[in-house]
Structures are given as C-alpha cells and as structure tokens.
Amino acid sequence: MDTKKNILITGGAGFIGSHVVRLLVNKYPEYHIYNLDALTYAGNLYNITDIEGKDNYTFLQRDICDLDLMRQTIKDCDISHIIHLAAESHVDRSISNPLVFLNTNILGTANLLQAAKEYWDTTSRQDHLFYQVSTDEVYGALEMDNTMFTEDTAYDPRSPYSASKASADHLVRAWYHTFKLPVVVSNCSNNYGSHQFPEKLIPLFIHNIKNNLALPVYGKGENVRDWLYVEDHARAIDTILHRGKIGETYNIGGHNEWTNIDLIHLLCDLMDQKLDRKPGQSRSLISFVTDRAGHDLRYAIDASKMQRELDWLPSLQFEQGIELTIDWYLNNETWLQNIMDGSYRNYSPTVQKDLSI
Ligand code: NAD
Ligand code: TDX
C-alpha cells in the first residue's frame, strides 16, 4: 500500500489550520503538506513563518470557489488526503454579510468534493480521505441543563454561519453515500489559543484589556461556550486522519463550559496580575451591549466517542491553556500590531514554492 501521503490542507493560514499545518509538517517529514489558502482577511502567513521553506511543505494561494483550479491542484499535486478547514468562520460577519458564507462554505466545499471524486476515481489508491472539519454550532443551541451534543444529535443550525457549515457537512455525507467518497467529519467546540484572529472573543478581549478599551459583552453575558485549546484540536484532527473510521462523525470538545461573563472576569483578573494593575481594574472596562441576533444560548460537546474509540483526550487544563494564551498574545505584540495596521496582508513568503499550472 502507498504510505506516502500528499495532504491538501485548506485554510492553513487561518487560526486552527495553521496549528494543523505546523503539527503535520513537523511530525510527518515523509508526507507532503500542501497548504491551500485564499488569504482572505482571516488568512495570515505570519501564522506559519516557522515552517516556511521546509522540504515537505508547499503554500498555494488559491480559492476553493474556483472549481477548475481545485481540479487541477488535486491532480497536479497527486493529492491523496484532504483536510478541509477553509471557511468564513465568524458568526457576527455571517449576520452582517451572509452571502459570502454560502459561497465559500457551501459551494467551496462542493467544489472540493467533486474535484476529489473526479481525481480519485482515476487512481487505484485505496486510502484516500476527505476530512471535513466542522463545528458544534450545526447542532443548534442547548438549554441551561446537563444535556450535551452527541454525534447523533439532529442538526438544527440557526445562524447563517452554522447553516452554511451544516449544508457543507450534508454535502460531504451525500458524496459518501452516493459516490462512495471516503469521508470523515468532526464537529468541534470553541477553540482558543495563539494566532486566533482578534475578532473572536478571547483575542479581542485580551487586546482591549491591554489597551484599556471597552469590552463589549453581548446581552447579559449568560451564554455558555465549551472551550478547547487549539493544539488539542489539532491533535484530535491528526488522530482522526490516521485512525478515524470512514463515514463516521466525531465530536471534539474540552468538557469545559463557561458563561461568557465568568470567562471575561477570569481574563480580566489574570490580565490585572500580568499587567500589574489594581485588582478589579480591567473588569471596569466591561460594557454590556446589544445582544447578537439569534445568539445561541449554550453549546456543550460530549466528546466521549473520541476517548472511547480513538483514545483522545484534551491534554491541557483550561487554567493552563488560558494562561499560555494570554502570555502568547502579550509576548507577540508585533503579530497583533500587523493585523491591527493591516500590514499582515502584504506578507510575502521568503520562499515562494507555488506550482505553475
Ligand atoms: P479562520 O477564519 O481563522 O481561518 C479560515 C481560513 O480559511 C483563512 O486562512 C482564510 O484565508 C481561508 N479561506 C477563507 N475562504 C477561503 C476560500 N474561498 N478559499 C481558500 N481559503 C479560504 O477560521 P478558524 O477559526 O481557523 O476555523 C477553521 C475551520 O474550523 C472552519 O471550517 C471552522 O468552521 C472550523 N471550526 C472552528 C472553530 C473555532 O472555534 N474557531 C471551532 C470548530 C470548527
Ligand atoms: O465582542 C464579543 N462579545 C461577546 O459577548 C464577541 C466577539 C463575542 N461575544 C460572545 C458571543 C459568543 O457567545 O462570546 C462568545 C464567543 O464568541 P465568538 O468568539 O465570536 O465565537 P462563537 O460565536 O461562539 O463561534 C466560534 O466557535 C465555534 C467560532 O467563531 C466558530 O467558527 C466556531 O465554529
């Protein structure tokens, strides 16, 4: 059997994708990792400067919405596995500008599925995999009780973002059932960690606390999210890539639920300590603002299948992870500054290894 994998990772210049790219490039020198990313506002090559120039790594600036380009890429790079993360990912943006979410998240995914099917139909290789990285938001919202999303929970998406991700997941399963495309899907809870675009709650609030800016808490801050350290998500993806069963769904989460306001208080208190501020000083920046439209009340993932069947567990306690995260943003001011002043959009890799096709 062919063991050399040519893996196409889409969205590898984004938050989670950059952690997945880094993990696989460093851990598997025998594989070739193609990082395909359109570099939208969320794509940032400063996220992956440390792997630039590695022999088993190629960056491709391409758009998954271009079907012919996806066909050509998969064929020319002889792609055997796809880990699909590229997406529009921010719920607030899906409320203010929903159509781009439908285009990228639904049509882009359909393009990749079709391009993979067409190429894989022509090869004799037996170990192909199309891995769809999805979210717990497709399951809808939970009440304030002890229920959790399992792999059998019916889809009930409620924002344009989650509806577009749910549509994409349905397409992935349609290509599996109809065309026998080998697929796997994972649905993960909220990630936190380094390199997250500072529109999302944790990096935005770290930035605002540091700069004495208001902290806009939606509604009363009572909504609950289940937080997982991004490197644990990347490890879960590696585990599923190698040991997941074709056609299966895996829920990934940290069993780590926080109301937004409790999490924000924790961030404020830790930042007070790190910045030598008076206790309570950062909390005074909290400002309750109009709630997000359709704001899902609570998410919570039952990740027991990942533990039972694939022996995966989160490695970090939240207290450790959040401290590492705060330290990373405080120690990497230039990374944040490049985003705030827009200069990250002009980054050009020192080693251009694009293929001419
Ligand atoms: P992100 O917004 O940080 O990164 C998305 C990446 O996709 C960017 O690099 C962007 O340039 C790229 N991209 C967007 N449109 C593209 C296109 N048309 N063609 C090629 N590339 C394109 O997102 P993230 O938070 O890293 O999320 C990655 C994936 O994981 C998404 O599919 C998201 O739905 C899923 N997910 C995210 C979380 C989370 O907490 N962030 C949780 C569960 C699942
Ligand atoms: O300014 C803010 N104020 C606020 O109260 C922001 C940006 C967020 N919030 C609240 C909304 C949510 O309840 O904080 C919570 C977290 O918000 P986000 O960071 O925007 O994440 P969320 O909407 O939960 O979605 C995230 O997790 C699941 C990712 O963005 C998705 O891509 C992923 O699928």
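Partly exposed describes a residue whose relative accessible area falls between the buried class, under 20%, and the exposed class, over 50%. With that in hand, welcome to a set of close-up views of this predicted model.

**View 1. R71 and E118 join two helices.** R71 has a relative accessible area of 30%, so this arginine is partly exposed. Its partner is E118, and the closest N and O atoms of this salt bridge are 2.7 Å apart. E118 belongs to helix α4 (residues 99-120) and R71 to helix α2 (residues 67-76), so the bridge ties together parts that lie 47 residues apart in sequence. E118 is also partly exposed, because its relative accessibility is 29%. The view should take in D68 as well, since D68, R71 and E118 are linked in a network of salt bridges.

**View 2. D50 and R22 meet side chain to side chain.** Here a salt bridge connects D50 with R22, at 2.7 Å from N to O. The aspartate sits in the loop between β2 (32-36) and β3 (57-60), while the arginine is part of helix α1 (residues 15-27), so the pair ties together parts 28 residues apart in sequence. Are the two partners buried or exposed, or something in between? R22 counts as buried because its relative accessibility is 16%. D50, at 43% relative accessibility, counts as partly exposed.

**View 3. E257 reaches R298.** The side chains of E257 and R298 form a salt bridge, with 2.8 Å from N to O. This pair links distant parts of the chain, 41 residues apart: E257 is in strand β11 (residues 257-259), and R298 is in the loop between β12 (286-289) and α9 (304-310). R298 counts as buried, as its relative accessibility is 2%. E257 counts as partly exposed, with a relative accessibility of 38%. If you would like to look further, a search of the whole structure finds 18 salt bridges.

**View 4. Ligand 1 and the residues around it.** Ligand 1 is surrounded by 28 residues, and I16, D37, S89, Y161 and K165 are the closest. Which side chain has an N or O atom 2.5 Å from an oxygen atom of ligand 1? That side chain belongs to D37. Backbone atoms take part too: a polar backbone atom of F15 is 3.0 Å from an oxygen atom of ligand 1, and a backbone N or O atom of A38 is 3.1 Å from a nitrogen atom of ligand 1. On its own, ligand 1 exposes 840 Å², of which the protein buries 96%.

**View 5. Elements and classes in the shell of ligand 1.** Two or more residues of this shell come from each of α1, β5 (129-135), α5 (160-179) and β7 (190-192). Which element gives the most to the shell around ligand 1? It is β5, with three residues. By class, the shell around ligand 1 holds 13 nonpolar, eleven polar and four charged residues.

**View 6. Ligand 2 and its polar backbone neighbours.** Ligand 2 has 19 residues around it, with T135, E137, Y161, R292 and H295 coming nearest. A polar backbone atom of S89 lies 2.8 Å from an oxygen atom of ligand 2. At P216, a polar backbone atom is 2.8 Å from a nitrogen atom of ligand 2. Y218 places a backbone N or O atom 2.9 Å from an oxygen atom of ligand 2. Taken alone, ligand 2 has 650 Å² of accessible area, and the protein covers 94% of that. The elements giving two or more residues to this shell are α6 (201-210) and β8 (215-218). In the shell around ligand 2 you will find eight nonpolar, six polar and five charged residues.

**View 7. L107 and E319 across the model.** To finish, turn to L107, which is found in helix α4. L107 counts as partly exposed, because its relative accessibility is 47%. A separation of 39 Å lies between the C-alpha atoms of L107 and E319, two residues that are 212 residues apart along the chain.

Terms used. Residues are numbered from 1 along each chain as its sequence is written. Chains are lettered from A and ligands numbered from 1 in the order in which they are written. This is a predicted model: local features need pLDDT of at least 70, side-chain atom pairs count only at pLDDT 80 or more; totals for chains, interfaces and linings use all residues. Side-chain values use heavy atoms; hydrogens and water are left out. A salt bridge is a side-chain nitrogen of Lys or Arg within 4 Å of a carboxyl oxygen of Asp or Glu. Helices (H or I, at least four residues) and strands (E, at least two) are DSSP runs, numbered from the N terminus. Buried means under 20% relative accessible area, exposed over 50%, partly exposed in between (1.4 Å probe, protein chains only). A residue is near a molecule or strand if one of its heavy atoms lies within 4 Å of it. A polar contact is a pair of N or O atoms within 3.5 Å; within protein, one must be able to donate a hydrogen and the other to accept it, and residues adjacent in sequence count only if both atoms are side-chain atoms. Accessible areas come from the Shrake-Rupley method with a 1.4 Å probe; for residues, only the protein chains shown count as cover. Ala, Val, Leu, Ile, Met, Phe, Trp, Tyr, Cys and Pro count as nonpolar, Asp, Glu, Lys and Arg as charged, and the others, Gly among them, as polar.
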